[in-house]
Amino acid sequence: VTARAQNSELLTIKAAAELLGVSEQTLRRWDEAGKLRAKRHPMNGYRLYLRDQVLAVKRRIYSEVDEAK
């Protein structure tokens, strides 16, 4: 698996929430607000998140926390 393929991996809402340390409901709210848009599975409509986008949000969250200190 290439680095690019691994970073564009799709995560379930549960996996994305665990990676970010937030609840699944928070991710649903962020999706509705446009803060972190989910892709939708074409067959079942489940929310799927690109791993690289989730990691970018995680970096932004932690950089804001560090700046607030």
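These legends go with a set of close-up views of a predicted model.

The model is predicted, so local features need pLDDT of at least 70 and side-chain atom pairs count only at pLDDT 80 or more, while totals for chains, interfaces and linings use all residues. Residues are numbered from 1 along each chain as its sequence is written, and side-chain values use heavy atoms, with hydrogens and water left out.

**View 1. The largest nonpolar core has 12 residues.** The members are Leu 11, Ile 13, Ala 16, Ala 17, Leu 20, Leu 27, Trp 30, Leu 36, Ala 38, Tyr 49, Val 54 and Val 57. Helix 2 (13-20), helix 3 (24-33) and helix 4 (51-68) are the elements that give two or more residues to this core. Helix 2 chips in the most, with four residues. A nonpolar core here is a set of buried Ala, Val, Leu, Ile, Met, Phe, Trp, Tyr and Cys residues joined through side-chain atoms within 4.5 Å. Buried means under 20% relative accessible area, exposed means over 50%, and partly exposed is in between (1.4 Å probe, protein chains only). Helices (H or I, at least four residues) and strands (E, at least two) are DSSP runs, numbered from the N terminus.

**View 2. Strand 3 pairs with strand 1 and with strand 2.** Strand 1 (residues 10-12) runs antiparallel to strand 3, with three bridges between them. On that side, Thr 12 sits opposite Leu 48. Strand 2 (residues 39-40) is also antiparallel to strand 3, joined by two bridges, and here Lys 39 is the residue opposite Leu 48. Two strands count as paired if DSSP finds at least two bridges between them. Strands 2 and 3 make a hairpin with six residues between them, and Gly 45 in the turn has a positive phi of about 80 degrees. As for side chains along strand 3 (residues 47-50), Arg 47 and Tyr 49 point one way and Leu 48 and Leu 50 the other, yet all are buried.

**View 3. Helix 3 has a buried side and an exposed side.** Thr 26, Leu 27, Trp 30 and Asp 31 are the buried residues to look for. They share a side of helix 3 because they cover an arc of only 140 degrees around the axis (the arc is that of the directions from the helix axis to the C-beta atoms). An α-helix has 3.6 residues a turn, so residues three or four places apart point the same way. Glu 32 and Ala 33 are exposed on the other side of helix 3. The buried residues pack against helix 2, strand 2, strand 3 and helix 4. Just past the end of helix 3, Gly 34 has a positive phi of about 85 degrees.

**View 4. Arg 28 and Glu 24 form a salt bridge within helix 3.** Their side chains meet at 3.6 Å, N to O. A salt bridge is a side-chain nitrogen of Lys or Arg within 4 Å of a carboxyl oxygen of Asp or Glu, and a search of the whole structure turns up four of them. The two residues are four apart, about one turn of the helix. Arg 28 has a relative accessible area of 26%, so it counts as partly exposed; Glu 24, at 31%, is partly exposed too.

**View 5. Asp 31, Glu 32, Arg 37 and Arg 47 are linked in a network of salt bridges.** Arg 37 meets Asp 31 at 3.6 Å, N to O. Arg 37 is exposed at 52% relative accessibility, whereas Asp 31 is buried at 6%. Glu 32 and Arg 47 form another salt bridge, with their closest N and O atoms 4.0 Å apart. That pair links distant parts of the chain, with Glu 32 in helix 3 and Arg 47 in strand 3, 15 residues apart. Glu 32 counts as exposed because its relative accessibility is 60%.

**View 6. Arg 47 is a buried residue of strand 3.** The relative accessible area of Arg 47 is 16%. The Arg 47 side chain makes a polar contact with the Asp 31 side chain at 2.8 Å. A polar contact is a pair of N or O atoms within 3.5 Å; within protein, one must be able to donate a hydrogen and the other to accept it, and residues adjacent in sequence count only if both atoms are side-chain atoms. Leaving aside neighbours within four places in sequence, Arg 47 is in contact (heavy atoms within 4.5 Å) with residues including Leu 11, Thr 12, Ile 13, Arg 28 and Ala 38.
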